[in-house]
Amino acid sequence: SIALLIVSLAALGVLVFAGSDLDANEFRALLARVTPGLILLLLLLSCANFVLRIGRWLWFTRTLGLAVPWRDNTSYYLSGFAMGVTPGRLGELIRLWQLRRYHGVTYHRALPLMIGDRIGDLVSVIVLALGAGLMTTGAPVPAAIAAAALALVANALLRHPGPLITAIDRLYGTVRRAPRLFAAARRTLKTGRDLFSARNSFITGLASLAAWFAECIAFFVLLSALDTGVTLSAATFVYSFATLIGALSFLPGGLGGFEATAVVMLGAYGVDLGSAAFATTIIRLTTLWFSVALGGAVLAWLLLGRKLVHG
């Protein structure tokens, strides 16, 4: 089938790139373990991630008092996945463009949605990496601890933005340029602080943790199907830490950073290079590239539908 061909070519590409000495028979043996039922399960776990993150986005929207129908808002969030492989995922700002164009929500009112979304993802991945890292290695990972500290500081500053607003005022007093931009930054900080209350942080934090743990479970299920012997805690550590490294690299979709980190870490757990590269390829196809394909389809449907309605 076409799907099998795509999986095969992508997996072969990573194997060649990794310099694996996996022969054709070993590759076919690995591929035989990736059954349609397994692929379906991996995609369903990715969908669980999407649903929980959409729920968080809708909660943030409600907190900010934005009058946007939930069906439209859900479509906007999904469409942003199409831009998941842009540098720093900046292309996901298309969600805010749609809110402004079709519902009149100004950028300074909507921008806290993006900030809350990013911080929610970052903090949950850090917590999973720290927790799983402690379980598997008995010692915290310094890079994850540093990232956790930064995330906590960022959350505190966004909840109590006085120091940030003061810094913005002082910067404007120095440059004396773009007054509308500085005014918008102040309004954004004041508008978004309600998102980071203790109650909201707890509710959305649980949703974020569950969302990203679903993808860690998918990685564990895949590694188990490939008979690697990697435990759930180790799979969670590898997936979350590789995701964190990919995010901090600011490369499009974390491409390269995630893959290299995952393959190296799996090797440290005794997984051979060929199986590690193969597993990394499959999980990226069923998470990142699945989300990009889904987002692209939703975005095309939205843009075409709006064009037909509005001429």
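# Notebook: salt bridges, helices and a few odd spots

I began with a search of the whole structure for salt bridges, and seven turned up. A reminder to myself: this is a predicted model, so I looked up the confidence before going further.

**Confidence**

The mean pLDDT of the protein is 83, and 86% of the residues score at least 70. I then asked which helix has the lowest confidence and which the highest. Helix H1 (residues 2-18) is lowest with a mean of 48, while helix H3 (residues 36-63) is highest at 96. Over residues 1-9 the pLDDT is below 50, and this stretch makes six contacts in the model beyond near neighbours in sequence. Where pLDDT is low, the predicted coordinates should not be read in detail. I left that stretch there and moved on.

**Overall make-up**

I counted 14 helices and zero strands in the protein. Reading from the N terminus, every element in the run is α. Of the 311 residues, 45% count as buried. I also checked how far the contacts reach along the chain: among those with a separation of 6 or more, 72% join residues 24 or more positions apart. The accessible surface comes to about 15100 Å², and carbon and sulfur atoms hold 70% of that.

**The salt-bridge network**

Back to the charges. I found one network of salt bridges that links Arg-53, Arg-56, Glu-92, Arg-95, Asp-117, Arg-118 and Asp-121. I picked Glu-92 as my way in.

Which residues does Glu-92 pair with? One is Arg-95, with the closest N and O atoms 3.4 Å apart. Another is Arg-118, where the closest N and O atoms are 3.7 Å apart. This second pair links distant parts of the chain, since Arg-118 is in helix H6 (residues 107-137) and Glu-92 is in the loop between H4 and H5, 26 residues apart.

Next I asked how covered these three residues are. Glu-92 is buried because its relative accessible area is 2%, under the 20% cut-off. Arg-95 has 0% relative accessibility, so Arg-95 counts as buried too. Arg-118 has 26%, so Arg-118 is partly exposed.

**A pair between H12 and H13**

I then looked at Glu-259 and Arg-284, whose side chains meet in a salt bridge at 2.8 Å, N to O. This pair also links distant parts of the chain: Glu-259 belongs to helix H12 (residues 257-268) and Arg-284 to helix H13 (residues 273-286), 25 residues apart. Is Glu-259 buried or exposed? With a relative accessibility of 18%, Glu-259 counts as buried. Arg-284 has a relative accessible area of 8% and is therefore buried as well.

Having landed on H13, I stayed to check its geometry. At 1.5 Å a residue, the 14 residues of H13 should span 20 Å, and the end C-alpha atoms are 20 Å apart, so the two agree. I also asked how many residues of H13 are buried. Twelve of the 14 are, so I noted the helix as mostly covered. The buried ones include Phe-278, Ile-282 and Ile-283, along with small residues such as Gly-274 and Ala-276.

**Ser-75**

A quick stop in helix H4, where Ser-75 lies. Its relative accessibility is 14%, so Ser-75 counts as buried. What does Ser-75 touch, leaving aside its neighbours within four places in sequence? I found contacts with Val-298, Trp-301 and Leu-302.

**Out on the surface**

I ended with two exposed places. The first is a nonpolar surface patch formed by Leu-90, Leu-93 and Leu-111, with about 250 Å² of accessible area together. Leu-90 sits in the loop between helix H4 (70-80) and helix H5 (94-103). Leu-90 is exposed because its relative accessible area is 55%, over the 50% cut-off. Glu-92 of the network is in the loop between H4 and H5 too, yet Glu-92 is buried at 2%.

The other is Asp-227, which caught my eye for its backbone: phi is positive, about 60°, although Asp-227 is not a glycine. Where is Asp-227? I located Asp-227 in the loop between helix H10 (198-225) and helix H11 (232-249). Its relative accessible area is 59%, so Asp-227 is exposed.

How values were computed:
Residues are numbered from 1 along each chain as its sequence is written. This is a predicted model: local features need pLDDT of at least 70, side-chain atom pairs count only at pLDDT 80 or more; totals for chains, interfaces and linings use all residues. Side-chain values use heavy atoms; hydrogens and water are left out. Patches are made of residues with over 30% relative accessible area and no salt bridge: like charges are joined within 9 Å, nonpolar side chains (Val, Leu, Ile, Met, Phe, Trp, Tyr) within 5 Å. Accessible areas come from the Shrake-Rupley method with a 1.4 Å probe; for residues, only the protein chains shown count as cover. A salt bridge is a side-chain nitrogen of Lys or Arg within 4 Å of a carboxyl oxygen of Asp or Glu. Helices (H or I, at least four residues) and strands (E, at least two) are DSSP runs, numbered from the N terminus. Buried means under 20% relative accessible area, exposed over 50%, partly exposed in between (1.4 Å probe, protein chains only). pLDDT is the predictor's confidence in each residue, from 0 to 100. Contact means heavy atoms within 4.5 Å. The expected span of a helix is 1.5 Å times one less than its number of residues.
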